[in-house]
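Let's walk through this protein together, from its sheet to what packs around it. Keep the 3D view open as you read.

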Amino acid sequence: MPSIGIIDSGVPDPVPECLVKACSFVYEGRRVRQQWDPAIDQIGHGSAITRIIATGGKGVSLYSARVFTDTLLTRPVQVAAALAWLLEQDVRIINMSFGLPQDRISLRRVC
């Protein structure tokens, strides 16, 4: 069964049955903190991506790493922390459907 990680704005409510784990990566006090929660999407983009992958990929195991909460703004260190967490979960396919304006050392290191 393939495991797929999604770095985005969270998952839809109700949460799809194929979701194994969800974690939010919050920037506080100049550092990233992992917040164990259902990572319910408040924006809509992560929900759409999750539904597409869950519907099209029968038998998948999904892992959600939320880096966007109430806006589509995030910090590269949050994305790097989410990538590292997904790799710790042995996720081999990671969907990131967003861009960053320039190369970041923190992202390059985790990749």
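A strand here is a DSSP run of E with at least two residues, and strands are numbered from the N terminus. With that in hand, S24 can be placed in strand β2. Please bear in mind that this is a predicted model.

## The sheet

In what order do the five strands of the open sheet stand? Reading across, the order is β3-β2-β4-β1-β5, with mixed pairing. β3 (31-35) and β5 (93-95) stand at the edges with a single partner strand each, so one side of each has no neighbour in the sheet. From one strand to the next, the twist averages 20°.

As background, strands of a sheet pair through backbone hydrogen bonds, either parallel or antiparallel. Three of the pairings are set out below, each with residues you can look up in the viewer.

| Strand pair | Sense | Bridges | Facing residues |
|---|---|---|---|
| β1 and β4 | parallel | six | D8 and R66 |
| β2 and β4 | parallel | five | K21 and Y63 |
| β1 and β5 | parallel | three | G5 and I94 |

For the pairing of β1 with β5 there is another pair to look up: I6 has N95 in β5 as its bridge partner.

Now turn to β1 and β4. Six of the six residues of β1 are buried, so β1 is largely enclosed by the rest of the structure. Both of its faces are covered, with S3, G5 and I7 buried on one side and I4, I6 and D8 buried on the other. β4 tells a similar story: six of its six residues are buried, so the rest of the structure largely encloses β4 as well. From β4, S61, Y63 and A65 point one way, while L62, S64 and R66 point the other way, and all are buried. This fits a general pattern: in a regular strand the side chains alternate between the two faces of the sheet.

## The helices

Two helices can be described by how they sit on the sheet. Helix α1 (residues 45-56) packs on the sheet and touches β1, β4 and β5. The direction of α1 makes about 165° with that of β1. α2 packs on the sheet too, touching β1, β2, β3, β4 and β5, and its direction makes about 150° with that of β2.

## The nonpolar cores

In soluble globular proteins, nonpolar side chains tend to be buried together. Which residues have the most contacts inside the largest nonpolar core? They are I7, F25, A65, V67, A82, W85 and L86, in a core of 15 residues. The elements giving two or more residues to this core are β2 (19-28), β4 (61-66) and α2 (76-88). α2 provides the largest share, six residues. Another core lies apart from this one; that second core has 11 residues, including V11, L19, A22 and I49.

Two members of the largest core are worth a closer look. A65 touches I6, I7, D8, C23, F25, A82, W85 and L86, leaving aside residues up to four places away in sequence. F25 lies in strand β2 and is buried, with a relative accessible area of 2%. Counted in the same way, F25 touches V32, R33, Q34, A65, R66, V67, Q78, A81, A82 and W85. For a sense of distance, F25 and L73 are 48 residues apart in sequence and 13 Å apart in space, C-alpha to C-alpha.

## S24 and its polar contacts

Is S24 buried or exposed? The cut-off for buried is under 20% relative accessible area, and S24 has 1% relative accessibility, so S24 counts as buried. Its side chain makes a polar contact of 3.0 Å with the side chain of D37. The side chains of S24 and R66 are joined by another polar contact, of 2.9 Å. Beyond four places in sequence, S24 touches R33, Q34, Q35, D37, A39 and R66.

## A loop residue for contrast

P14 lies in the loop between β1 (3-8) and β2. Exposed means over 50% relative accessible area, and P14, at 67% relative accessibility, therefore counts as exposed. P14 and I40 are 26 residues apart in sequence, and their C-alpha atoms are 8.7 Å apart in space.

Technical notes
Residues numbered from 1 in each chain as written. Predicted model: local features only at pLDDT ≥ 70, side-chain atom pairs only at ≥ 80, totals over all residues. Heavy atoms only, no water. Core = buried A, V, L, I, M, F, W, Y, C linked by side-chain atoms within 4.5 Å. Buried < 20%, exposed > 50% of the residue type's maximum accessible area, 1.4 Å probe, protein only. Helix = DSSP H or I, 4+ residues; strand = E, 2+ residues; numbered from the N terminus. Contact = heavy atoms within 4.5 Å. Pairing = 2+ DSSP bridges. Axes fitted to C-alpha atoms, helices over the stretch in contact; angles between N-to-C directions. Polar contact = N/O pair within 3.5 Å; in protein donor to acceptor, adjacent residues only side chain to side chain.
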